[in-house]
Amino acid sequence: YTYTPTSGYSDGDQFYAVANNTSGTSQNSNTITVDATAPSAPAIAANTDGASVTGTAEAGSTVTLSLNNGGTTTTVDVIASANGTWEYVPVPTLADGVTITATATDAVGNTSSSSSTVTVDAQAPTNTATYTNASGDALSDGTTVEGTTEPGATVTVTMPNGDEYTTTADATTGAYSVTVSGTSTSDGDELIVSIEDAAGNT
C-alpha cells in the first residue's frame, strides 16, 4: 500500500499503520520516524596525492565525489562506514591538480550541501640546500643546512653517520634552516636532504 499525506510531516514526527481484517482483528505496524534533515556536508582529508581520497560523513550515507580534471567532471559514489569514515581508491590514481568536492545523501534521500574543495597534489616538492659553518669546509658540529622548498613540507637532513635532523619549512616562504650538532665528517662525505610534503610526495 502507499499513503501520500495531504500536508507534510515535520522532522522527528512518528506514525504507524493499523491493519484490520474482516473479523475485526487489528495489528499495528512498527513505528516510523520522519527524517527530513539533510546530513552535514562531508569532510575530505585536506591532503591527497591522488592515490586515495578519504574523509568522513553521516554513517551509512552515500558520498558522491565530483572529480574535476581540467573542466571535465566525473562522479563516483562510496558508502560511509558505521563510524562515518569513507575512502575512494581511484584506478589509475588521480592526476595532479584534480579538484574534489563531495555531498552526502542519507537513506531516505536527503542530500547535504557540498563540501569544501580539495586539490590533488601529486608533485614532488622542489628543494635548494646549502650548508655553512665556522670553518667554511667540512661538515661538523654547528653546521647549518638551509634552503627553500614547498611551504609546510617536512625537511630531514641525514648525516653520513646516520644521524637525522628534522624541521618544517616555513608555511609561507618555504624557507628552512637546520643546525646539526655532535656530528663530524671527513672530506668527501655527503649529507642527504630529503623533503616530504603534506600529501606524502617526496
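Q: A strand is a DSSP run of type E with at least two residues; in which strand is the place of A43?
A: This is a predicted model. Within this model, A43 belongs to strand β5, which covers residues 43-44. That stretch meets the minimum of two residues, and therefore β5 counts as a strand.

Q: Why does A43 count as partly exposed?
A: The relative accessibility of A43 is 37%. Buried means under 20% and exposed means over 50%, with partly exposed in between. The value of 37% lies between these two limits, so A43 is called partly exposed.

Q: Which residues does A43 touch, not counting residues up to four places away in sequence?
A: A43 touches T54, G55, T56 and W86. A contact requires heavy atoms within 4.5 Å. For T56, the C-alpha atom is 5.2 Å from that of A43, although the two residues are 13 apart in sequence.

Q: What makes β5 and β6 a pair?
A: Two strands pair if at least two bridges are found between them. Strands β5 and β6 are joined by 2 bridges and run antiparallel. The number 2 meets the minimum, and therefore they pair. In this pairing, I44 has G55 of β6 as its bridge partner.

Q: How many bridges join β6 to β9?
A: There are 4 bridges between β6 and β9, and the two strands run antiparallel. The requirement is at least two, so this count also qualifies as a pairing. The bridge partner of T54 in β9 is E87.

Q: Which residues of strand β6 form its covered face, and which its uncovered face?
A: In β6 (residues 53-56), V53 and G55 make up the covered face, whereas T54 and T56 make up the uncovered one.

Q: What is the strand order of the open sheet of 4 strands?
A: The order is β8-β7-β10-β11, and the pairing is antiparallel. The edges are held by β8 (72-79) and β11 (118-119); each has a single partner strand, so one side of each has no neighbour in the sheet.

Q: How do you know that strand β7 and strand β10 pair?
A: Strand β7 (residues 62-69) and strand β10 (residues 99-105) share 7 bridges in the antiparallel sense. At least two bridges are needed, and therefore the condition for pairing is met. Within this pairing, L65 stands opposite A102 in β10.

Q: Which members of the largest nonpolar core touch the most other members?
A: This core has 17 residues, and those touching the most other members are I44, V53, V63, L65, L67, W86 and I100. Two or more residues of the core come from each of β7, β9 (85-88) and β10. A separate second core has 12 residues, among them V145, A153, V155 and M159.

Q: What does I100 touch, not counting residues up to four places away in sequence?
A: The contacts of I100 include I44, V53, L65 and L67. They also include T48, S66, L94, S116, T117, V118 and V120.

Q: Why is S115 called buried?
A: S115 has a relative accessible area of 9%. The cut-off for buried is under 20%, so S115 falls within that class. S115 is located in the loop between β10 and β11. Apart from neighbours within four places in sequence, S115 is in contact with A41, P42, I44, T101 and A102.

Q: Why does T158 count as buried?
A: The relative accessibility of T158 is 19%. Buried means under 20%, and therefore 19% places T158 in the buried class. T158 lies in strand β14. Not counting residues up to four places away in sequence, T158 touches D163, E164, L191 and I192.

Q: What makes β15 and β17 the edge strands of their sheet?
A: The open sheet of 3 strands has the order β15-β14-β17, with antiparallel pairing. Strands β15 (164-168) and β17 (192-196) each pair on one side only. From one strand to the next, the twist averages 20°.

Q: How many bridges join strand β14 to β17?
A: Strand β14 (residues 154-158) and β17 are joined by 5 bridges and run antiparallel. At least two bridges are required, so these strands pair. V157 has V193 in β17 as its bridge partner.

Q: How many helices and strands does the protein chain have?
A: The protein chain has 0 helices and 17 strands. Of its 202 residues, 29% are buried. Among contacts with a separation of 6 or more, 52% join residues 24 or more positions apart.

Methods
Residues numbered from 1 in each chain as written. Predicted model: local features only at pLDDT ≥ 70, side-chain atom pairs only at ≥ 80, totals over all residues. Heavy atoms only, no water. Axes fitted to C-alpha atoms, helices over the stretch in contact; angles between N-to-C directions. Buried < 20%, exposed > 50% of the residue type's maximum accessible area, 1.4 Å probe, protein only. Core = buried A, V, L, I, M, F, W, Y, C linked by side-chain atoms within 4.5 Å.
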